[in-house]
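Biologist: I have the model open and would like to talk it through with you. Could you bring it up on your side too?

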Protein chains: 2
Amino acid sequence: MATASLDVVGIGNAIVDVIAHADDGFLAASSMVKGGMALIDEARAEAIYAGMGPGLEMSGGSAGNTIAGIASLGGRAAYIGKVRDDVLGKVFRHDITSAGVEFPTPAATDGPATARCMILVTPDAQRTMNTFLGACVNLGPDDIDAALIARAQVTYLEGYLYDPPLAQEAFRRAAGIAHEAGRKVGLSLSDSFCVQRHRAAFLELVDHHVDILFANEAEITALFETTDFDEATRRLAGLCDLAAVTRGAAGSVIVADSEIIAVPAAPVSRIVDTTGAGDLYAAGFLYGLTQGKPLAECGRLASLAAAEIISHYGARPETPLSDYVRAA
Amino acid sequence: MATASLDVVGIGNAIVDVIAHADDGFLAASSMVKGGMALIDEARAEAIYAGMGPGLEMSGGSAGNTIAGIASLGGRAAYIGKVRDDVLGKVFRHDITSAGVEFPTPAATDGPATARCMILVTPDAQRTMNTFLGACVNLGPDDIDAALIARAQVTYLEGYLYDPPLAQEAFRRAAGIAHEAGRKVGLSLSDSFCVQRHRAAFLELVDHHVDILFANEAEITALFETTDFDEATRRLAGLCDLAAVTRGAAGSVIVADSEIIAVPAAPVSRIVDTTGAGDLYAAGFLYGLTQGKPLAECGRLASLAAAEIISHYGARPETPLSDYVRAA
């Protein structure tokens, strides 16, 4: 097996976030499920945008955030995802490449616009997401750069990829290439509603194709259709080699072959916006893992990266994470 | 004179900001003057964007920030400025109208794209701005909505309007309409380099057409070509009815007919990005003035609005300013 020249390659929906404040009344009046991610069409996207307050635009996308986080920690990272050749597509490309990430996927020259996610942040710092998938629906197996995948220690996939029609195939192709090259495959379950939409497929995938699983409490209990966290953790241990389950302020639990490690959350003076907490947790964890750190240290790095991201608006680091970790 | 149905109408360059971190080395290598605003063409804009780090996009523009701040304080506000009918133009329009501001100026259907300002924030929280004026160069006297101007207690103009070729005429037309309607005219000097570019015109304007002047120390000393702040203040008193001069952490000085009032800066736990400090100072001041508050209270509101804006990235309020002022 060749030495990996990349730590992690991420594959995901390439999305620009539009972040705005909202109160619970706005969510209710707009029939939004607080804390969730809803897929919306362009007409609904226009309607929500017209009704919501002033926004701030930032590159996002779950795996995109994770990969940007890994680069910000000093890791060698690449990204595969589909934008359109429009203004927001240029913004997405600029932001991820200027963070030091390889991003070879060409932009679509026709079809829907670059994806947008309207993120409404309520005063309790919770985020409610509304995603217009746009150009992401055209990410397919042809976009999977086999040489890139083979170069990375870990191929990291976001569960949201199960929503656009062609991406599942891209997903399986990437996992196959990674394993043939002797590499690892990581997956994030993304969202409990996403798990409910694709439960059987996720179970089969985790069982046969995933080495490292990331989830939060709601996602893992949805996956195993149980309300008992400990039961979900036990079943997880039987299903994949390594998993990390986040529990918000209660920290996280790392489930490995022979051990279960409880990791405390890192302190934050004020939680401003929880968008990207899970994405950056995965960033810290995968960075630690690909640097050969012990699991407890991977968990510590994960908690720190998550702490930085929830202390401000947006899901990309405001402070270089390498500095943030050094200061902690 | 009819009762004013608006407190303030602002006229300015309608700009979307692209905010990124940079270190002093990047500014030096890019031949940028720290703390200043440079006008750049599209090619230079592309080159700077290619070299700079990941950004966050937010509506900006000096008078746009002021007007959004006045609306956020609860004032009745309107804005005149030129965007193109493109994605960033829609973002600008969405953000200012959803803040509660009337924005009747139609978008240009041809010509240059919506203006962008690349704002590089150094670790000392200073901002260095690079503006591609784009569609703003086509703002002209025909865009001045006479009925709108006549409805507002104050017409507020940004000095930056002296840069695009047609806007000076728009500027003078607006001031003329405001005074004919018995209203006041406010002006911000914007930037010391802008003052140097248009010094004679500004002196004539302030002397004959401006009732309320906003400036910082560098701008006012550039206007009077002196290094002595007290001398500049004295000359200011002879030139216009009311002026407010900001001095950063040292607070500000209000210069009125018969009195000079020193106003302390409002405390901030951490200064993150000074972009918009002057714009929001003007917002608080004009809001207080149009609510009939005493000058010392106008200064206090001004300092509070400026304090909110420098505590985070971007030049539009993150917290509704009415809440922020109530909490203070």
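Biologist: Let me start with a small thing: through how many residues does the hairpin join S12(A) to S13(A)?

Modeller: Keeping in mind that this is a predicted model, the hairpin runs from S12(A) to S13(A) through three residues. The two strands, S12 (residues 252-256) and S13 (residues 260-263) of chain A, run antiparallel and are joined by four bridges, and A:Ser252 stands opposite A:Val263 in S13(A).

Biologist: And in chain B, what is the strand order of the open sheet of eight strands?

Modeller: In chain B the order is S5-S1-S8-S9-S10-S11-S12-S13, and the pairing is mixed. Strand S5 (77-80) and strand S13 (260-263) of chain B each have a single partner strand, so one side of each is left without a neighbour in the sheet. From one strand to the next the twist averages 15°.

Biologist: Which helix packs on that sheet, and which strands does it touch?

Modeller: Helix H3 (residues 62-73) of chain B does, touching strand S1 (6-11), S5, strand S8 (152-158) and strand S9 (184-188) of chain B, and its direction makes about 160° with that of S1(B). Elsewhere in the sheet, S11 (residues 242-246) and S12 (residues 252-256) of chain B run antiparallel with five bridges between them, and there B:Ala243 stands opposite B:Val255 in S12(B).

Biologist: Switching to the dimer: how many residues does each chain give to the contact?

Modeller: Chain A gives 18 residues and chain B gives 18 residues. On the side of chain A that touches chain B, the elements that give two or more residues are strand S4 (56-59) and helix H4 (87-98) of chain A, and H4(A) has the largest share, with six residues. By class, that side of chain A divides into nine nonpolar, six polar and three charged residues.

Biologist: Why do you say the copies meet through the same surface?

Modeller: Because 100% of the interface residues of chain A are also interface residues in chain B.

Biologist: What turn and shift lay chain A on chain B?

Modeller: A turn of 180° with a shift of 0.0 Å along the axis lays chain A on chain B, with an RMSD of 0.0 Å. The two copies are thus related as by a two-fold rotation axis, and in chain A the C-alpha nearest that axis belongs to A:Glu57, at 2.4 Å from it.

Biologist: In what sense do S4(A) and S4(B) pair, parallel or antiparallel?

Modeller: They pair in the antiparallel sense, over two bridges, and A:Leu56 has B:Met58 in S4(B) as its bridge partner. Both strands belong to an open sheet of ten strands with mixed pairing, in the order S3(A)-S7(A)-S6(A)-S2(A)-S4(A)-S4(B)-S2(B)-S6(B)-S7(B)-S3(B). The edge strands are S3 (37-39) of chain A and S3 (37-39) of chain B, each pairing on one side only, while neighbouring strands are turned by 20° against each other on average, direction ignored.

Biologist: What does S3(B) pair with?

Modeller: S3(B) pairs with strand S7 (residues 127-132) of chain B in the parallel sense, over three bridges, and B:Ala38 has B:Asn130 in S7(B) as its bridge partner. Helix H2 (residues 42-51) of chain B lies across strand S6 (115-121) and S7 of chain B, running at about 40° to S6(B).

Biologist: How many of the residues of S6(A) are buried?

Modeller: Six of the seven are buried, so S6(A) is largely enclosed by the rest of the structure. Strand S2 (residues 15-21) of chain A pairs with S6(A) in the parallel sense over seven bridges, with A:Arg116 in S6(A) as the bridge partner of A:Val16. S6(A) also runs antiparallel to S7(A), with six bridges joining them, and here A:Arg116 stands opposite A:Phe132 in S7(A). These two strands form a hairpin with five residues between them, and A:Ala125 in the turn has a positive phi of about 75°.

Biologist: Last topic, helix packing: at what angle do H11(B) and H12(B) pack?

Modeller: Helix H11 (residues 277-290) and helix H12 (residues 295-310) of chain B pack at about 145°, with their axes 7 Å apart, and their crossing is right-handed. Residues making the contact include B:Leu280, B:Phe285 and B:Leu289 of H11(B) and B:Leu301, B:Leu304 and B:Ile309 of H12(B). The residues of this contact divide into 15 nonpolar, three polar and two charged.

Methods. Residues numbered from 1 in each chain as written. Chains lettered and ligands numbered in written order. Predicted model: local features only at pLDDT ≥ 70, side-chain atom pairs only at ≥ 80, totals over all residues. Contact = placed C-beta atoms within 7 Å. Nonpolar A, V, L, I, M, F, W, Y, C, P; charged D, E, K, R; others polar. Pairing = 2+ DSSP bridges. Least-squares fit on C-alpha atoms with pLDDT ≥ 70 in both. Axes fitted to C-alpha atoms, helices over the stretch in contact; angles between N-to-C directions. Left-handed = near helix turned anticlockwise from the far one by under 90°. Buried ≥ 20, exposed ≤ 12 C-beta atoms within 10 Å, placed from the backbone.
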